[in-house]
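Visitor: I should like to understand how the terms used for a protein model are justified. Would you take me through some of them?

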Amino acid sequence: MILKRWSITTLLCIVWASVFAQGVCGHPKAERLLMREAEVEIDGFFCDSVMAEYPIYTDAEHTELDAVLVKTSDSAVWYLSEKGENKDEISYKKNSEKDVELFHFLDSIKPDKTYIQSGVIIAEKDGKKIKMDSKK
């Protein structure tokens, strides 16, 4: 009886630890969903090939994801966002000059937060705001 209880407790701890690790190590849910949708809808885009990504939110509180800027293993830079009235379609650009420039900018500073405010992309690093024009 004690062995049975110990086995169940151990099994539950292993399951809990694995679920916790996935939540900590993985992409935030909104980013993950957007990239999975993009993988289904866009030929040549694969989530497994994403080497780096920068989520861009519509506000500083990170309540609504606007887009994800990703770089894949083939060095392509993708700007992924949702479009449509219900945000049920994926809009994307691949290797546009402005997106590549923005990716390199973000990659050079490794911001804590990135969001759009009044048409300007703001990257925050250690509490300092760095602005970049986001007109596309």
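**Reasons behind the terms**

Guide: This is a predicted model. Let us begin where helix α3 ends: the residue that follows α3 is Lys-110, with a positive phi near 45°.

Visitor: How do you know what span to expect for α3, residues 97-109?

Guide: The expected span is 1.5 Å times one less than the number of residues. Helix α3 has 13 residues, for which 18 Å is expected, and its first and last C-alpha atoms are 19 Å apart, close to that value.

Visitor: What puts the buried residues of α3 on the same side?

Guide: The buried residues of α3 are Asp-99, Leu-102, Phe-103, Phe-105, Leu-106 and Ile-109. They cover an arc of only 160° around the axis, and therefore lie on the same side of α3. The face turned away from that buried side carries the exposed residues Glu-97 and Ser-108. In general, an α-helix has 3.6 residues a turn, so residues three or four places apart point the same way.

Visitor: Why is Glu-124 called buried?

Guide: Buried means under 20% relative accessible area. Glu-124 has 13%, and is therefore buried. This residue belongs to strand β6, residues 120-125.

Visitor: What makes the pairing of the Glu-124 and Tyr-115 side chains a polar contact?

Guide: A polar contact requires a pair of N or O atoms within 3.5 Å, one able to donate a hydrogen and the other to accept it. The side chains of Glu-124 and Tyr-115 make such a contact at 2.7 Å. Glu-124 is also in contact with residues including Pro-111, Asp-112 and Lys-129.

Key:
Residues numbered from 1 in each chain as written. Predicted model: local features only at pLDDT ≥ 70, side-chain atom pairs only at ≥ 80, totals over all residues. Heavy atoms only, no water. Helix = DSSP H or I, 4+ residues; strand = E, 2+ residues; numbered from the N terminus. Buried < 20%, exposed > 50% of the residue type's maximum accessible area, 1.4 Å probe, protein only. Arc of directions from axis to C-beta. Contact = heavy atoms within 4.5 Å.
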